[in-house]
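Colleague: I have a few short questions about this fold. Can you put the structure up so we can go through it?

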Amino acid sequence: MKKNTIIPPINLSRILKEADAMGISDELLVIDDLRKFPTVTDPKRLTCLMMGVCKKGVATFAVNGKQYELKENDAWILTEGQVLEDLKVSDDCEGIGFMISYMYLYEILKDVRNISTVFLLARRHPVFALQ
């Protein structure tokens, strides 16, 4: 990718149209089957928070150029501004995903303290095992 290339956004309204998912306007989207998530091959910059849990199977993707593998009992949190690409989901993959606009997220978390630590950790370690 060229240094000055503009990376197109991936946003809730696009995913709502393409993923056969449940949503509240451009605020909250729930994808109850990760296989329904649209294919992302070219780099896309997130304009929202994306998170979820894998219950079975495997998904692979790159975030900011680094490759990750999501497998059974793994969770992920991707934050605004990160670049997602090369998303592939296995045929047997099961799990649930959420996409949340930052305006909606701020409204939900406005009285929660010290939440920034979670998001800082997620930027460094977007995939983690649930124990």
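Modeller: Here is the predicted model. Strand 5 covers residues 49-56 and pairs with strand 8.

Colleague: Over how many bridges do strand 5 and strand 8 pair?

Modeller: The two strands pair in the antiparallel sense. Met51 is one residue to look at, with a partner opposite it in strand 8. The pairing of strand 5 and strand 8 runs over 5 bridges.

Colleague: Which residue in strand 8 stands opposite Met51?

Modeller: Look across from Met51 into strand 8. The residue opposite is Ile77.

Colleague: Which strands stand at the edges of the sheet?

Modeller: The open sheet has 6 strands in the order 2-3-10-5-8-11. Each edge strand has a single partner, so one side of it is left without a neighbour in the sheet. The edges are strand 2 (22-24) and strand 11 (127-129).

Colleague: What is the average twist from one strand to the next?

Modeller: The pairing in this sheet is antiparallel. From one strand to the next, the twist averages 15 degrees.

Colleague: What angle does the direction of helix 2 make with that of strand 10?

Modeller: Helix 2 (residues 102-109) packs on the sheet. It touches strand 2, strand 3, strand 5 and strand 10. Its direction and that of strand 10 make about 90 degrees.

Colleague: Is Asn73 buried, partly exposed or exposed?

Modeller: Asn73 lies in the loop between strand 7 and strand 8. Its phi is positive, about 70 degrees, although it is not a glycine. Its relative accessible area is 43%, so Asn73 is partly exposed.

Key:
Residues numbered from 1 in each chain as written. Predicted model: local features only at pLDDT ≥ 70, side-chain atom pairs only at ≥ 80, totals over all residues. Heavy atoms only, no water. Helix = DSSP H or I, 4+ residues; strand = E, 2+ residues; numbered from the N terminus. Buried < 20%, exposed > 50% of the residue type's maximum accessible area, 1.4 Å probe, protein only. Pairing = 2+ DSSP bridges. Axes fitted to C-alpha atoms, helices over the stretch in contact; angles between N-to-C directions. Contact = heavy atoms within 4.5 Å.
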